[in-house]
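Please open the model in your viewer and switch on side chains, since this tour moves from one ring to the next.

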Amino acid sequence: MARKRMISPEIWESRSFSRLSDFAKLIFIGLFSQADDEGYGNASPGYIRSKLFPNDEERRLTDIKKALSEIALGMSINFYEVNGDSFYHLTHWSEWQKVDRPTKSRIPKEQNPPCKRGKGGDMLFREVLDESSTNTRRTLDESSTTNRIEQNRKECVYARVRTHEDTHTFVKPTVEEITAYGAEIGKTVNAQRFYDFYESKGWTVGSRPMRDWKACVRKWEEKAEPQLAVNKEKQTADKQADEASRIKANILDTDPAFYENERALRLANMAIAKGEEADLTEILKERERILAAHGLTNTDIGDK
């Protein structure tokens, strides 16, 4: 029986983990909890269903198989077979886990295992057993960095089975798929503009081929949001100015007193512009009285 294992809350910040579907996340946590002290476990979908969903008779094996495929592509885990039986190994387990008095694994090891690398290296956890208790506590290893993962990848001398990073084939999205993903993340994405932009660039990011268009959509929106805020503010200001002009034009057409006041104000400003003397005080006071009679202020008609 696997020891009790606790997973740090920082697992939810892992980019690799976050890309999994909700069900695949649940299965991965289940694999982690069912792994023995060396990080090995039984990968048979039927066995996993019996362990993780013992009271759910309607849980489909096809759903579990699909989740395992997701996990195999995105996380630091190796699935293999021995004599027709399926097993898994959390490939960085021995690197990031420290188990006090570990029990030797009874699961058969894979012959000629692949290079130990994967997308999930940024969220593997170290297990620390308290000397005075059988309870365990885990913390995220601070040295688990992208550089460390990349170093391990480069140091591997062979790879019998290629990982998702090697075999991934990019398929450009449709405008409809971009729109749907924008709705999924709560963003109003200009899908046609995004599509046209990257279509013109041959679906490259810098000098490299695009690998994850969804990540590009998120980045696109991050850059667009400040400009959208500016545009929205400008649109609001333009709308207010148009409304003020409409109100002012309406008063000019319907109130002769305001029309004469506007004319007097313009003449006074022209005189001041020529260097002549003109008293605006009474004109402005009269203007305020006229506007007040209409329930308005200078601001309502766009005057400062």
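**A tour of the aromatic rings**

Begin by selecting F87, which counts as buried at 9% relative accessibility, where buried means under 20% relative accessible area, exposed over 50% and partly exposed in between, with a 1.4 Å probe and protein chains only. This is a predicted model, in which local features need pLDDT of at least 70, side-chain atom pairs count only at pLDDT 80 or more, and totals for chains, interfaces and linings use all residues. Residues are numbered from 1 along each chain as its sequence is written, and side-chain values use heavy atoms, with hydrogens and water left out.

The structure holds 15 aromatic pairs, a pair being two rings of Phe, Tyr or Trp (its six-membered ring) with centres within 6.5 Å, called stacked if the planes are under 30 degrees apart, edge-to-face if over 60 and tilted otherwise. Add Y80 to the selection: its ring centre lies 5.9 Å from that of F87 and the planes meet at 35°, so the pair is tilted. Y80 is likewise buried, at 5% relative accessibility.

Next, select F170 and W203, whose ring centres are 6.1 Å apart with planes at 40°, so this pair is tilted too. F170 counts as partly exposed at 24% relative accessibility, whereas W203 counts as buried at 7%. Extend the selection to F194, Y195, F197, Y198 and W220, which ring pairs link with F170 and W203 into a cluster.

Finally, select K109 and Y40: the charged end of K109 sits over the ring of Y40, 4.7 Å from its centre, the criterion being NZ of Lys or CZ of Arg within 6 Å of the ring centre and within 35 degrees of the ring normal. At F53, R59 lies over the ring face, 4.6 Å from the ring centre.
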